[in-house]
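Biologist: I would like to learn how pockets and buried residues are read from a model. Could we go through one together?

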Amino acid sequence: MAKAGGGLIWATAEDLARSRPVVLSMYRQILRALNSPALPLGHAARLAKKAECRAIFIFGAEERSLHNIRDLLDAGRHTLGLLNRGRLP
């Protein structure tokens, strides 16, 4: 494990186990928000957005850096906020 400024930058098994439910919950919330009738999306566009979301989270599932996991969650929260206001990210 590498250290940067006194803190660990690589996730341990405990870190990954702790962040997994949070990431999965964020993924599910975004998928639910994409189903909102308030969004100006047709069926094909909605499926494309869901596929894009799935690809981002599948790629993020392989991530082992604490900073990148935190960034993924921050981006997910921002996206969810936009979706909940009826806007597309």
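Modeller: What follows is a short conversation about pockets and one residue beside them. This is a predicted model, in which local features need pLDDT of at least 70 and side-chain atom pairs count only at pLDDT 80 or more, while totals for chains, interfaces and linings use all residues. Residues are numbered from 1 along each chain as its sequence is written, and side-chain values use heavy atoms, with hydrogens and water left out.

Biologist: Is Thr-79 buried or exposed?

Modeller: Buried means under 20% relative accessible area, exposed over 50%, and partly exposed in between, with a 1.4 Å probe and protein chains only. Thr-79 counts as buried because its relative accessibility is 19%.

Biologist: Which residues does Thr-79 touch?

Modeller: A contact means heavy atoms within 4.5 Å. Leaving aside residues up to four places away in sequence, Thr-79 touches Ile-30 and Pro-89.

Biologist: Which residues lie nearest the centre of the second largest pocket?

Modeller: On a 1 Å grid over the protein atoms alone, a pocket is an open set of points where a 1.4 Å probe fits, with protein on both sides within 12 Å along at least five of seven lines, and lining residues have an atom within 4 Å of a point. Of the 13 residues that line the second largest pocket, Ile-30, Cys-53, Ile-56, Thr-79 and Pro-89 lie nearest its centre.

Biologist: How are the residues of that lining divided?

Modeller: Ala, Val, Leu, Ile, Met, Phe, Trp, Tyr, Cys and Pro count as nonpolar, Asp, Glu, Lys and Arg as charged, and the others, Gly among them, as polar. The lining of the second largest pocket has nine nonpolar, two polar and two charged residues.
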